[in-house]
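Colleague: I am new to this one. Could you walk me through it, one question at a time?

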Amino acid sequence: MPSRRTYQIKEVAELSGLSVRALHHYDEIGLLVPSGRSAAGYRLYNDDDLLRLQQIVIGRELGLSLEAIRRSLDDPRFDRRQALREQRAELERRARSTAEMIGAIDAAIEALDERDAEVPPMANKTVDFKKIFNGFDPDQHADEVKQRWGNTEGYKTAERRWKSYTEADWIKCRDEQGVVYGDAAVAMRAGTSPNDAAAMDIAERHRLCFDRWFYPCSIEMHSRLADMWETDRRFADNMDKHGGAGFTEFLAAAVRANAERARKR
């Protein structure tokens, strides 16, 4: 027989790790409406509500917007068991990627330790710099990219640059991008609007970084890239690693705002 237990909002907050304020918001937007109310008018949640909340939490972890999650859960065709299987598979993939990146960080630390210690290299021993890029896969969509843009001048420029880069160049490129993404993540978490000058300045630094390391990246090209990040989940998943859920949308909006600012100048 199904459980008849109900949970007050504070209990749900404790179980889920969400704030009471967040649960109130979910109720207000129709994302998680409690199944009942007490005689005093307090929200009462049942087991089905908690299962729906789990889907919300997982969806946010996977980078989906609240509106996208609501549409999915309210779709009559929604299959919770199948959704959980697919989410488990995706999280396993991300866990493998994270493990690879952790290994890459360890390899980088080891390389730095060896360099800073100024220990004479052992015979026939060299640092395997390939390891420091494990989990950061610039060739993940290489075939598709070549098929779509291989005949463009931009792609040919990028290919010429890539072939000329040394390991030190790639490390510098990665570090420069990391600083830009890190600053964008800090701005997003601070509640900065994408239309704020500070956010637009970060977007411009991102554009110039692309322009310097990959291919000529005009304001218009940068805006098209921003559209692609949002429409192709693969790009969004990769970018959200830098700042968590909502990062892709924040940076894309800042890029478009920066483009609009440039057009008005």
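Modeller: Let us begin with a salt-bridge partner on helix α8. This is a predicted model. Asp183 is partly exposed, with a relative accessible area of 31%.

Colleague: Which residue meets the side chain of Asp183 in a salt bridge?

Modeller: The distance, N to O, is 2.8 Å. A salt bridge needs a nitrogen and a carboxyl oxygen within 4 Å, so the pair qualifies. The partner is Arg205.

Colleague: How many residues apart are Arg205 and Asp183?

Modeller: Asp183 lies in helix α8 (residues 167-189). Arg205 lies in helix α9 (residues 197-213). The pair links distant parts of the chain, and the separation is 22 residues.

Colleague: Is Arg205 buried, partly exposed or exposed?

Modeller: Buried means under 20%, and exposed means over 50%. Arg205 has 33% relative accessibility, so Arg205 falls in between. The class is partly exposed.

Colleague: Which residue shares a salt bridge with Arg174?

Modeller: Arg174 is partly exposed, at 27% relative accessible area. Its partner is also described as partly exposed, at 39%. The side chains meet at 3.0 Å, N to O, and the partner is Asp175.

Colleague: How many salt bridges does the structure hold?

Modeller: Two have come up, Arg205 with Asp183 and Asp175 with Arg174. Arg70 with Asp74 is another, at 3.2 Å, N to O. The structure holds 16.

Colleague: Why are Arg70 and Asp74 separated by about one helical turn?

Modeller: Both sit in helix α4 (residues 66-74). Arg70 is partly exposed at 24%, and Asp74 is partly exposed at 39%. The separation is about one turn because the residues are four apart in helix α4.

Colleague: Which residues are linked with Arg70 and Asp74 in a network of salt bridges?

Modeller: Arg70 and Asp74 meet directly, side chain to side chain. The network takes in further residues. Those are Arg52, Glu67 and Arg71.

Colleague: Now the whole chain. How many helices and strands are there?

Modeller: Helices α4, α8 and α9 have already appeared. The strands form an open sheet. The count is 12 helices and three strands.

Colleague: What is the order of the strands in the open sheet?

Modeller: The pairing is antiparallel. The edge strands are β1 (7-8) and β2 (36-37), and each pairs on one side only. With β3 between those edges, the order is β1-β3-β2.

Colleague: Which residue in β3 stands opposite Gln8?

Modeller: β1 pairs with strand β3 (residues 43-45) in the antiparallel sense, over two bridges. Gln8 faces a residue of β3 there, and that residue is Leu44.

Colleague: Where is Pro34 found?

Modeller: Pro34 is buried, with a relative accessible area of 10%. Leaving aside neighbours within four places in sequence, contacts of Pro34 include Arg43, Leu44 and Tyr45. Asp27 and Asp49 are also in contact with Pro34. Pro34 belongs to the loop between α2 (20-28) and β2.

Colleague: How do α8 and α12 lie, roughly parallel or roughly perpendicular?

Modeller: The axes of α8 and helix α12 (residues 247-264) come within 10 Å and cross at roughly 100°. That makes the arrangement roughly perpendicular.

Colleague: Which residues of α12 meet α8?

Modeller: On the α8 side, the residues are Tyr181, Ala184, Ala185, Ala187 and Met188. On the α12 side, they are Phe247, Phe250 and Leu251.

Colleague: At what angle do the axes of α8 and α11 cross?

Modeller: Tyr181, Ala185, Met188 and Arg189 in α8 meet Met239, His242 and Gly243 in helix α11. The axes of α8 and α11 (residues 233-243) come within 8 Å. The crossing angle is roughly 75°.

Colleague: Is Ser223 buried or exposed?

Modeller: Ser223 is found in helix α10 (residues 219-231). Not counting residues up to four places away in sequence, Ser223 touches Val255, Ala259 and Arg263. Its relative accessible area is 11%, so Ser223 is buried.

Colleague: What share of the 265 residues is buried?

Modeller: Ser223 and Pro34 are among the buried residues. The accessible surface of the chain comes to about 16,800 Å², with 53% belonging to carbon and sulfur atoms. The buried share is 33%.

Notes. Residues are numbered from 1 along each chain as its sequence is written. This is a predicted model: local features need pLDDT of at least 70, side-chain atom pairs count only at pLDDT 80 or more; totals for chains, interfaces and linings use all residues. Side-chain values use heavy atoms; hydrogens and water are left out. Buried means under 20% relative accessible area, exposed over 50%, partly exposed in between (1.4 Å probe, protein chains only). Accessible areas come from the Shrake-Rupley method with a 1.4 Å probe; for residues, only the protein chains shown count as cover. Two strands pair if DSSP finds at least two bridges between them. Axes are lines fitted to C-alpha atoms, for helices over the stretch in contact, and angles run from 0 to 180 degrees between N-to-C directions. Angles under 35 degrees count as roughly parallel, over 145 as roughly antiparallel, 65 to 115 as roughly perpendicular and the rest as oblique. Contact means heavy atoms within 4.5 Å.
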